[in-house]
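Hi,

Here is the structure I promised to pass on to you. Have a look at it first, and then read on for what turned up in it.

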Amino acid sequence: MALVSADTKIAELLNELHQLIKQTQEERSRSEHNLLNIQKTHERMQTENKTSPYYRTKLRGLYTTAKADAEAECGILRRALDKIAEIKSLLEERRIAARMAGVYSDTDPPRKTMRRGVLMTLLQQSAMTLPLWIGKPGESPPPLCGAIPASSDYVAKQGDKVAARVKAVDGDEQWILAEVVSYNHSTNKYEVDDIDEEGKERHTLSRRRIIPLPQWKANPETDPEALFSKDQLVLALYPQTTCFYRALIHTPPHRPQDDYSVLFEDTSYADGYSPPLNVAQRYVVACKENKKK
């Protein structure tokens, strides 16, 4: 019943999103005429080689209108982004509810039957669809945007992906990609599942053994301070695996869609580091251990 109601709500939100997208296009089309007037006015001023009071007054009015148009379009886009976030949240709730009920879909098969290639594709899709933080003018990026850590009292929700420090079969400790099952406020411990179906393990871990993953990508063009900087020590998910390893930032992202370029610690290379490898913002977190092993 809950799954049906979630489907209904998602359908309603998708319809609202469609309407907002149409409004965005209508707003943009309406503002183009004004932008064209601004361009033509500047061209006339260049031709006449003068800036008369008439042109100054006209441009002031045109730019005021353009600013209002841009703010209106921005408002519609923000509402659309809110709808997308709400849809994603409902889809995640539906996925968790279905898993608890033993109902699975093609996009979320049971862990014991998931092929590794499917898992790697899902992880890549999760990184690509991580929303970009778009703040208002003067607004600082929030915790869990890019490199900004979670607040000290933050508790990851059921279904959230985290880096979890667990003991391996050989007794060594390693950081793995895991999904939060629950959090016990009495013991301050998490229960998490290894995301890799080959692990098939559930771990009970203290808060210090859990690092929440970013919930937004940071925009290098507007919020570079929310990114890890060159030569900073991090934990990064090694490509085509579900384990995090220590690495140095080689190159931070230059554009919103770019990945980090990192150098993984690797004693098989003369300088102790691998060649540069790309890792998505979704899978790069601060390293809690500063000493090199």
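Let me start with Thr204, which counts as exposed because its relative accessibility is 52%, over the 50% cut-off for that class. Please keep in mind throughout that this is a predicted model. Thr204 belongs to strand 4, which covers residues 202–206. Setting aside residues up to four places away in sequence, Thr204 is in contact with Lys189, Tyr190 and Glu191. You can also find Asn184 from here: Thr204 and Asn184 are 20 residues apart along the chain, and their C-alpha atoms are separated by 9.9 Å.

Two residues with unusual backbone angles

As a reminder, most residues other than glycine have a negative phi. Asn188 has a positive phi, near 60°, and is not a glycine. Asn188 sits in the loop that runs between strand 2 (173–184) and strand 3 (189–194). With a relative accessible area of 38%, Asn188 is partly exposed.

Asp231 also has a positive phi without being a glycine, here about 75°. You will find Asp231 in the loop between strand 5 (210–212) and strand 6. Is Asp231 buried or exposed? Asp231 counts as exposed, at 53% relative accessibility.

Two buried loop residues

Thr242 is placed in the loop between strand 6 (233–237) and strand 7 (243–251). Its relative accessibility is 4%, so Thr242 counts as buried; the cut-off for that is under 20%. The side chain of Thr242 makes a polar contact of 3.4 Å with the side chain of Asp196. Apart from neighbours within four places in sequence, Thr242 touches Arg116, Leu119, Met120, Leu123, Ile176, Leu177, Ile195, Asp196 and Leu237.

Gly159 lies in the loop between helix 3 (116–128) and strand 1 (161–167). Gly159 is buried because its relative accessibility is 5%. Which residues does Gly159 touch, not counting those up to four places away in sequence? They are Glu92, Arg95, Ile96, Glu179 and Val180. Glu93 is worth finding on your screen too: Gly159 and Glu93 are 66 residues apart in sequence, with 8.2 Å between their C-alpha atoms.

A pocket to look at

The second largest pocket has a volume of about 440 Å³. Its lining is made up of 20 residues, and those nearest its centre are Leu123, Gln124, Ala127, Ala280 and Tyr283. Leu123 is also one of the residues in contact with Thr242. Where does the largest share of the pocket lining come from? Helix 3 provides it, with five residues. Both helix 3 and strand 9 (277–279) contribute at least two residues each to the lining. Sorted by class, the lining holds 11 nonpolar, six polar and three charged residues.

The overall layout

Finally, the chain is divided into domain 1 (1–101) and domain 2 (224–286). The C-alpha centres of domain 1 and domain 2 are 35 Å apart. To place some of the residues above: Asp231 and Thr242 have numbers inside the range of domain 2, and so do Ala280 and Tyr283 from the pocket lining.

That is the tour. Enjoy exploring it!

Best wishes

Definitions and conventions
Residues numbered from 1 in each chain as written. Predicted model: local features only at pLDDT ≥ 70, side-chain atom pairs only at ≥ 80, totals over all residues. Heavy atoms only, no water. Helix = DSSP H or I, 4+ residues; strand = E, 2+ residues; numbered from the N terminus. Buried < 20%, exposed > 50% of the residue type's maximum accessible area, 1.4 Å probe, protein only. Contact = heavy atoms within 4.5 Å. 1 Å grid on protein atoms, 1.4 Å probe; cavity = no way out; pocket = protein on both sides within 12 Å on 5 of 7 lines; lining within 4 Å. Points joined across faces, edges and corners; volume = space filled by probe spheres on them. Nonpolar A, V, L, I, M, F, W, Y, C, P; charged D, E, K, R; others polar. Polar contact = N/O pair within 3.5 Å; in protein donor to acceptor, adjacent residues only side chain to side chain. Domains from an automatic or database assignment.
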